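Look at how the helices of this chain pack against one another. Then turn to single residues and their backbone.

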Amino acid sequence: MRQEIDQIPQVVAGFLDASTDTLDAAAARLRELDPALLVTVARGSSDHAATYLKYAFELTLGLPVASVGPSVASIYGKDLRLERAAAMAISQSGKSPDIVGMAQSARRNGATTIAITNTAGSPLADASDFTIDLHAGLEKSVAATKTFVTSVVAGLALLARWSGDADLARAVAALPESLSHAVACDWSEMVGALDGHSALYVLGRGPGFAIANEAALKFKETCNIQAESYSAAEVMHGPVAIVTPGYPVLGLAARDAAESSVAEMAHKLAGQGAKAFLTSDLPGAAKPLPFAATGHPITDPLALIVSFYGFVEALSRHRGLNPDVPPALKKVTETV
């Protein structure tokens, strides 16, 4: 896992170099289609990537994005009416029958389908009009890291071309350097602070909420910590009741319009006695963590998960666990 985290900047650079033609072709088709809706199909870390892209596409294009449950096709046998829609399926392996089945259903019912996968010759690729190959190489760690990040980059690179947003395109092109800085961020102060704790909250908003979802999953997978992710706005609607003195909270604030909201909540909970950490320089009671800014609000949250990955890998080993072989998990999960 540590080796694959360190590979992220290089893998992203390789993807951007290798994928120009496919990205250009898919973006051209989407501009021609001008879809009224984009649906996403994914599970696990890939679904967190889809959530990130939901916010990115909605904020950039004003295009509504909806996550479709794969079981609609695989278990319930129902097709959706997707004329003038685009469908984006994300899967590292491209093998899970439910993801493949939903992509087939979407294509059969009028959607232009795009696969983002690390396995170009997979069944998911066969089910799609366009396949964006991550070119990430073999990922041996059960916990996805480089494939998650590159899946998001793939979607953002497509978005930059589709929208013609030059600022976003420059930020995506600069991600290898930005993510190198993110790999170097040291969150070791938080490792010992979680001693004796088996539960915590992770907060975010917008694309940062997708990153909070991914971080909470990695806490579970690699550290046996019952982490729950919440919008910094949603946490006050009930979940805050169990934040007792000393309860750990991680606020993942990016340099975007939601930064002050996430920071305000982390500082508020710290003021109530929580052991709160925050990726922001906005002053308050929570302990600041270093972050690598990317210079664009759409790409900025992505750097946070790269820094987090290094931290959670170290935390797992600190707690006497092996992050490379989480119990009861396997690399490729195929569900129906």
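A crossing of two helices is right-handed if the near helix is turned clockwise from the far one, and left-handed if it is turned anticlockwise, by less than a right angle. With that in hand, take the pair helix 9 and helix 13: their crossing is right-handed. The model is predicted.

## Helix pairs

Two packed helices are described by the angle between their axes and the distance between the axes. Three pairs are set out here.

| Helix pair | Angle between axes | Axis distance |
|---|---|---|
| Helix 3 and helix 7 | about 20° | 9 Å |
| Helix 7 and helix 8 | about 150° | 9 Å |
| Helix 9 and helix 13 | roughly 40° | within 8 Å |

Start with helix 9 and helix 13, whose axes cross at roughly 40°. That angle makes helix 9 oblique to helix 13. On the helix 9 side, the residues in contact are L175, L179, A182 and V183. They meet L302, A303, V306 and S307 of helix 13.

Helix 3 (residues 44-61) packs on helix 7 at about 20°. The two are therefore roughly parallel, since angles under 35 degrees count as such. Their crossing is right-handed. Helix 3 brings S45, H48, A49, Y52, L53, A56, F57, T60 and L61 to this contact. Helix 7 brings F148, S151, V152, G155, L156, L159, W162 and S163.

How are helix 7 and helix 8 oriented to each other, roughly parallel or roughly antiparallel? Their angle is about 150°. Angles over 145 degrees count as roughly antiparallel, so that is the term for this pair. Helix 7 passes helix 8 in a left-handed crossing. V153, L156, A157, L159 and A160 of helix 7 touch L168, A169 and V172 of helix 8. L156 and L159 are named in this contact, and they are also named in the contact with helix 3.

## Helix 1

Helix 1 covers residues 2-18, 17 residues in total. From first C-alpha to last it reaches 24 Å, close to the 24 Å expected at 1.5 Å a residue. Where does helix 1 have a kink? The kink is at I8, shortly before the proline P9, and amounts to about 50°.

I8 and P9 are both buried. So are E4, I5, V11, V12, F15 and L16 of this helix. An α-helix has 3.6 residues a turn, so residues three or four places apart point the same way. The cover over the buried residues of helix 1 includes helix 2 (20-33), strand 5 (130-133) and helix 7 (146-163). It also includes helix 8 (166-173), helix 9 (175-183) and helix 13 (300-318).

## Helix 12

Helix 12 runs over residues 259-271 and has 13 residues. Its end C-alpha atoms are 18 Å apart, in agreement with the 18 Å expected at 1.5 Å a residue. Its buried residues are E259, V262, A263, M265, A266, H267, L269 and A270. What covers them includes three strands: strand 6 (199-204), strand 8 (248-251) and strand 9 (275-278). Just after helix 12 comes G273, with a positive phi of about 110°.

## Positive phi outside glycine

Most residues other than glycine have a negative phi. Which residue in the loop between helix 4 (71-74) and strand 3 (85-91) calls for a look? It is R84. R84 is not a glycine, yet its phi is positive, about 60°. With 45% relative accessibility, R84 counts as partly exposed.

N224 also has a positive phi, near 55°. N224 sits in the loop between helix 11 and strand 7 (226-231). Its relative accessible area is 47%, so N224 is partly exposed.

## Two buried residues

G208 belongs to helix 11 (residues 207-223). Is G208 buried or exposed? At 2% relative accessibility it counts as buried, because the cut-off is under 20%. G208 lies 94 residues from L302 in sequence, but their C-alpha atoms are 7.9 Å apart. L302 is also one of the helix 13 residues that meet helix 9.

S91 lies in strand 3. S91 is buried, with a relative accessible area of 10%. Beyond its neighbours within four places in sequence, S91 is in contact with S46, I99, I116, T117, N118 and L124.

How values were computed:
Residues are numbered from 1 along each chain as its sequence is written. This is a predicted model: local features need pLDDT of at least 70, side-chain atom pairs count only at pLDDT 80 or more; totals for chains, interfaces and linings use all residues. Side-chain values use heavy atoms; hydrogens and water are left out. Helices (H or I, at least four residues) and strands (E, at least two) are DSSP runs, numbered from the N terminus. The expected span of a helix is 1.5 Å times one less than its number of residues. The bend at a residue is the angle between axes fitted to the seven residues ending there and the seven starting there. Buried means under 20% relative accessible area, exposed over 50%, partly exposed in between (1.4 Å probe, protein chains only). Contact means heavy atoms within 4.5 Å. Axes are lines fitted to C-alpha atoms, for helices over the stretch in contact, and angles run from 0 to 180 degrees between N-to-C directions. Angles under 35 degrees count as roughly parallel, over 145 as roughly antiparallel, 65 to 115 as roughly perpendicular and the rest as oblique.
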